[in-house]
Amino acid sequence: MTFRVAIRADASDRIGGGHVGRCLALAQVLRGWGCEVRFIGRDRPGFPADRVRRAGFDLRLVGDGEGDLTAPVDLLVVDAYHLDRVWESVQRPRAAAIAVIDDLADRPHDGDWLIDAGRPDGSAYVGLTEAPVLAGPRFALLRREFEAARRRQDDTDGVPEGDGRLVLFFGAADRSGLSAVALDALSLLGADAPPADLVVTSANPRAEALA
């Protein structure tokens, strides 16, 4: 019998694409284990629908106040800052288990597990959830490329020496426009500026100007 997983993850040009990005990393692992995985996301400008579908996952885009499960699942994964215990409790009859991904610790949750890779422990969630908190970087949801890079580094002696280059990345949407600020700062250094690579995505509305 196929293990069915639904992932509710939101993204937009306002909040960026990190929620969907880390959930795609999880979805690819679950699919490798034989699970059937589908996505639910709020229909907003900047939602990387093509990226989800190119990865081979079904996607249902929903409007405000929508997004409830329409069929039973074995696991519901929730990664959306505006959803909390109220929405999660409504899904209970159709979800055998619920895993919540959070890093704000600012609202209560009704989940069976809570994942926060950015905190050393679960103390920030006391009173917000009764679920075990999977905290710390060992629970970070990273793509397989990062795992492979780590293995390559582990095969070397010590830390590889760099060439002094900077890599600048301020999120998928860079809502605050920090990419331009960083480039301006580097330009002020003139010949003393280190070589730098600026990474932007198609969700960045200033991508053409930055190029």
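The largest nonpolar core of this structure has 25 residues. Val 5, Ile 7, Val 37, Phe 39 and Phe 57 have the most contacts inside it. Which elements give two or more residues to this core? They are β1 (4–9), α1 (18–32), β2 (36–42), α2 (49–54), β4 (75–79) and β5. Helix α1 gives the most, with 6 residues. A general tendency is at work in such places: in soluble globular proteins, nonpolar side chains tend to be buried together. Keep in mind that the model is predicted.

Now look at the sheet. It is an open sheet of 7 strands, and the pairing is parallel. In what order do the strands stand? The order is β3-β2-β1-β4-β5-β6-β7. Strands β3 (58–62) and β7 (133–135) are the edges, and each of them pairs on one side only. Neighbouring strands are turned against each other by 20° on average, with direction ignored. In general, the strands of a sheet pair through backbone hydrogen bonds, either parallel or antiparallel.

Take one pair at the β7 edge. Strands β6 and β7 pair in the parallel sense over 3 bridges. Leu 114 stands opposite Val 133, which belongs to β7.

Next come the charged side chains. Side chains of opposite charge can pair when their charged atoms come close. How many salt bridges does the model hold? The count comes to 13.

Start with Asp 79 and Arg 22. They form a salt bridge, and their closest N and O atoms are 2.6 Å apart. Asp 79 sits in strand β4 and Arg 22 in helix α1, so the pair links distant parts of the chain, 57 residues apart. Is Asp 79 buried or exposed? Asp 79 is buried, because its relative accessible area is 0%, and the cut-off for buried is under 20%. This pair does not stand alone: salt bridges that share partners join Arg 22, Asp 79 and Asp 103 into one network.

A second salt bridge joins Asp 110 and Arg 92, with the closest N and O atoms 3.2 Å apart. Asp 110 is in the loop between β5 and β6. Arg 92 is in the loop between α3 (85–91) and β5. The two residues are 18 apart along the chain, and the pair links distant parts of it. Arg 92 has a relative accessible area of 26%, so it counts as partly exposed.

A third one brings together the side chains of Asp 197 and Arg 165, at 2.9 Å from N to O. Asp 197 lies in strand β9 (residues 196–198), while Arg 165 lies in the loop between α4 and β8. Here the partners are 32 residues apart. Asp 197 is partly exposed, with a relative accessible area of 34%. Arg 165 is partly exposed as well, at 38% relative accessibility.

Turn to the surface. Which residues form a nonpolar patch there? Val 167, Phe 169 and Val 199 do, with about 280 Å² of accessible area together. Val 167 is found in strand β8. Val 167 is exposed because its relative accessible area is 62%, and exposed means over 50%.

Arg 150 is another exposed residue, at 53% relative accessibility. Arg 150 lies in helix α4 (residues 144–154). How far is Arg 150 from His 109? Their C-alpha atoms are separated by 33 Å, and the two residues are 41 apart along the chain.

Finally, check two backbone angles. Ala 105 has a phi near 55°, a positive value in a residue other than glycine. Where is Ala 105? Ala 105 is found in the loop between β5 (98–101) and β6 (113–116). With a relative accessible area of 18%, Ala 105 is buried.

Asp 174 also has a positive phi, near 50°, and it too is a residue other than glycine. Asp 174 lies in the loop between β8 (166–168) and α5 (178–189). Is Asp 174 buried or exposed? Asp 174 counts as buried, because its relative accessibility is 5%.

How values were computed
Residues numbered from 1 in each chain as written. Predicted model: local features only at pLDDT ≥ 70, side-chain atom pairs only at ≥ 80, totals over all residues. Heavy atoms only, no water. Helix = DSSP H or I, 4+ residues; strand = E, 2+ residues; numbered from the N terminus. Buried < 20%, exposed > 50% of the residue type's maximum accessible area, 1.4 Å probe, protein only. Pairing = 2+ DSSP bridges. Axes fitted to C-alpha atoms, helices over the stretch in contact; angles between N-to-C directions. Patch = residues over 30% accessible without salt bridge, like charges linked within 9 Å, V, L, I, M, F, W, Y side chains within 5 Å. Areas by Shrake-Rupley, 256 points an atom, 1.4 Å probe, with all protein chains shown as cover. Salt bridge = Lys/Arg side-chain N within 4 Å of Asp/Glu carboxyl O. Core = buried A, V, L, I, M, F, W, Y, C linked by side-chain atoms within 4.5 Å.
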